Amino acid sequence: MFRKIIMSAACAAALAGIYATADAQGVLVPVAIEGPVQSFQVTAGTQGNAGTMTVMGQKIKVDATTALVTPTTTTNPFASTRTWMQGGSMNGRQLAGILGGTVIITAEYDTATGEVTASEVFTDVAENVVLGVVTASSCSNVRCNGPEDYIKGNGNLLGEGGVAFVPNKDARLRALPPTDAGLFELNMNLAANNGLVGTPDAPATFGVEGYYSDDKITVFQDFPDGRKATENAIVYWAFELGENRPDLVRTPAVSEVSVLRVRCTEGGTLEARGFVHAPMRRNGSALGGGVNPLTGGDGVIIVSMDLNNDGAIDPATEEFTDTPTADLPATYGVYRVRADVETCGTMATVKWAPNATATAWGTAANVPVDRLRLQ
């Protein structure tokens, strides 16, 4: 899964302490559950906005305040919880909604009532991952999701066989734009006619995450009489090439910063990792001009986070900086910002700038923070 549950000895001891001091009124104890969704029962009179889901035999209450999220949506994109849980089937899945998919639930157990109520239900349906070599592709638009578009990997040198990849178009887990290794969005229209395929000496590699379809689905329409090529495929939400590809980047002439991860541990460490690229030509060389950076090693990375939740950023205590390191080609760069913190915010902003007080070359705003308890 995209997230993992970790139970430490300290956490277990803390939970034991809660039980030991509980009074007759009961207390709320943090609960984390990861497993497949077996069923969902709507609560009568709630217009589908509340109900009870069953995960590994455990009954868990959800309602309109429960955050229903996936790696590509931060809120429930539908009017009702029922639609998110058991609405129409996603492409190639036999069960409705997210039924049968794996979820990670953050919840509270009420020791007085014995009820578990979820504050967040996260899912990527299934953690099906493929890494390998691109062996066939045809893209007619920016996202390579037209009716005759396809990408295949790990087939033979003639483009036959291997695994097919289809972007998920369902609002619950809509596919992110394809990216290169720097996580920069690509213009896949530039990859028409096997444009993603490398050579035996210089293969193009990839990483894909999604779910493997239960049924055969349309991969592309390639027959003169209108017949469709159908097969089981990975319906993906993330497709990433394994190399930096300035020849395919959607906006090469603009400085960009991407974020791989922002992780924050209460009473421990903040870490932000990601990539930058300077304005560049399709061959990866620097465009330069004015105040633009020339390499991915120029300037500083500034990570800001509202640690005290007062709606403002104090540069002295809530901004953290470090320098990026140039990559290959040199217009790309990588960064890793680390700092000791006592508390964590829920969102972060990452900027790439000439210095800590200058106007940013590029900004990634509203980045979700992966928060952990101190282990």
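A residue is taken as buried when its relative accessible area is under 20%. In the predicted model described here, Asn 187 has a relative accessible area of 18% and is therefore classed as buried. This residue is found in the loop that runs between β9 (163–167) and β10 (205–212). A polar atom of the Asn 187 side chain lies 3.1 Å from the backbone nitrogen of Asn 189, and, when residues up to four places away in sequence are not counted, Asn 187 touches Val 142, Leu 248, Val 249 and Arg 250.

A second loop residue with a low accessible area is Thr 70, which lies between β4 (67–69) and α2 (81–86). Its relative accessible area is 7%, and Thr 70 is therefore buried as well. The side chain of Thr 70 is joined to that of Thr 73 by a polar contact of 2.9 Å, while a polar atom of the Thr 70 side chain also lies 2.8 Å from the backbone oxygen of Arg 172. Arg 172 appears again among the residues in contact with Thr 70 once neighbours within four places in sequence are left aside, together with Trp 84, Phe 122, Thr 123 and Leu 173.

Strand β8 (150–153) is paired with two other strands. Strand β7 (residues 128–138) runs antiparallel to β8 and is joined to it by 4 bridges, whereas 3 bridges join β8 to β9, again in the antiparallel sense. Gly 153 of β8 takes part in both pairings, since it stands opposite Val 134 and also opposite Val 163 in β9. In a regular strand, side chains alternate between the two faces of the sheet. In β8 both faces are covered, with Tyr 150 and Lys 152 buried on one side and Ile 151 and Gly 153 buried on the other.

The loop between β8 and β9 contains Gly 161, which, with a relative accessible area of 40%, is partly exposed. Leaving aside neighbours within four places in sequence, Gly 161 is in contact with Lys 152 and Gly 155; Lys 152 is one of the buried residues of β8. The C-alpha atoms of Gly 161 and Ala 136 are 9.3 Å apart in space, although 25 residues separate the two in sequence.

Strands β8 and β9 also contribute to the lining of a pocket. The second largest pocket holds about 260 Å³ of space, and, of the 19 residues that line it, Val 166, Pro 167, Lys 169, Thr 218 and Val 219 are the closest to its centre. The elements that each give two or more residues to this lining are β8, β9 and β11 (217–220). By residue class, the lining of the second largest pocket comprises 10 nonpolar, 6 polar and 3 charged residues.

Another antiparallel pairing is formed by strand β2 (residues 51–55) and strand β3 (residues 58–62), which are linked over 5 bridges. Within this pairing, Thr 52 has Lys 61 in β3 as its bridge partner. The two strands form a hairpin with 2 residues between them, and in this hairpin Met 56 takes a positive phi near 55 degrees.

How values were computed:
Residues are numbered from 1 along each chain as its sequence is written. This is a predicted model: local features need pLDDT of at least 70, side-chain atom pairs count only at pLDDT 80 or more; totals for chains, interfaces and linings use all residues. Side-chain values use heavy atoms; hydrogens and water are left out. Buried means under 20% relative accessible area, exposed over 50%, partly exposed in between (1.4 Å probe, protein chains only). A polar contact is a pair of N or O atoms within 3.5 Å; within protein, one must be able to donate a hydrogen and the other to accept it, and residues adjacent in sequence count only if both atoms are side-chain atoms. Contact means heavy atoms within 4.5 Å. On a 1 Å grid over the protein atoms alone, a cavity is a set of points where a 1.4 Å probe fits but cannot get out, and a pocket is an open set with protein on both sides within 12 Å along at least five of seven lines; lining residues have an atom within 4 Å of a point. Grid points are joined across faces, edges and corners, and a volume is the space filled by probe spheres set on the points. Ala, Val, Leu, Ile, Met, Phe, Trp, Tyr, Cys and Pro count as nonpolar, Asp, Glu, Lys and Arg as charged, and the others, Gly among them, as polar. Two strands pair if DSSP finds at least two bridges between them.
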